[in-house]
Amino acid sequence: MFNPISCGICIAKITTRLNGYDPRQMIRQCAWSTLNNGKGGSAFKKCLVKKIEQTRHDITNADNVAEEIWQQLKKKCSG
C-alpha cells in the first residue's frame, strides 16, 4: 500500500544533484503522476527522464540519473 508520508520523506532526503540543479520537484511530480495513473517504476523513470531532458539540456545520461533516483526511492513509498 502506498504511504505518501514515507514517500515524501524519502524524496526530501534525495541528495542527487543535476549539475547544481535540485531535482526533487521533478521527482515529486513524477511520483504523483505515476501514482495517479496507477503505473509502476518504469513509468516513473520514463517521466523523470523526460523531465530531466526538458529541463536540463546539458545532461547526457538522463537514463542513468533516473535509475539512480529510482534505486533510492524503490520500496520506500510503501508501508
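What is the volume of the largest pocket? In this predicted model, the largest pocket has a volume of about 260 Å³. This report describes that pocket, then the disulfide, and then helix H1.

**The largest pocket**

The lining of the largest pocket is made up of 15 residues. Those that lie nearest its centre are Phe2, Ala31, Thr34, Trp70 and Cys77. Three elements each give two or more residues to this lining, namely helix H2 (24-36), helix H3 (41-55) and helix H4 (62-73). H2 provides the largest share, with three residues. By residue character, the lining of the largest pocket comprises eight nonpolar, four polar and three charged residues.

**The disulfide**

One disulfide is found in a search of the whole structure. A disulfide is, in general, a covalent bond between the sulfur atoms of two cysteines. Here the partners are cysteine 30 and cysteine 47, with an S to S distance of 2.2 Å. The link between cysteine 30 and cysteine 47 is left-handed, with -80° about the S-S bond. Because cysteine 30 lies in helix H2 and cysteine 47 in helix H3, the pair ties together parts that are 17 residues apart in sequence.

Residues count as buried when their relative accessible area is under 20%. The table gives the relative accessibility of both disulfide partners and of cysteine 10.

| Residue | Relative accessibility | Class |
|---|---|---|
| Cysteine 30 | 0% relative accessibility | buried |
| Cysteine 47 | 18% relative accessibility | buried |
| Cysteine 10 | 10% relative accessibility | buried |

Cysteine 47 counts as buried because its relative accessibility is 18% and the cut-off for buried is under 20%.

**Helix H1**

Cysteine 10 leads to helix H1, which spans residues 4-13 and has Cys7, Cys10 and Ile11 as its buried residues. Viewed down the axis of H1, these buried residues fall within an arc of 100°, so they line one face of the helix. A general property of helices is relevant here: an α-helix has 3.6 residues a turn, so residues three or four places apart point the same way.

Which exposed residues does the face of H1 turned away from its buried side carry? That face bears Ile5 and Lys13. On the buried side, H2 and H4 are among what covers the buried residues of H1. H2 thus recurs across the topics of this report: H2 is included in the cover over the buried residues of H1, holds cysteine 30 of the disulfide, and gives the largest share of the lining of the largest pocket.

Technical notes: Residues are numbered from 1 along each chain as its sequence is written. This is a predicted model: local features need pLDDT of at least 70, side-chain atom pairs count only at pLDDT 80 or more; totals for chains, interfaces and linings use all residues. Side-chain values use heavy atoms; hydrogens and water are left out. On a 1 Å grid over the protein atoms alone, a cavity is a set of points where a 1.4 Å probe fits but cannot get out, and a pocket is an open set with protein on both sides within 12 Å along at least five of seven lines; lining residues have an atom within 4 Å of a point. Grid points are joined across faces, edges and corners, and a volume is the space filled by probe spheres set on the points. Helices (H or I, at least four residues) and strands (E, at least two) are DSSP runs, numbered from the N terminus. Ala, Val, Leu, Ile, Met, Phe, Trp, Tyr, Cys and Pro count as nonpolar, Asp, Glu, Lys and Arg as charged, and the others, Gly among them, as polar. A disulfide is a pair of cysteine sulfur atoms within 2.5 Å. Buried means under 20% relative accessible area, exposed over 50%, partly exposed in between (1.4 Å probe, protein chains only). The arc is that of the directions from the helix axis to the C-beta atoms. Contact means heavy atoms within 4.5 Å.
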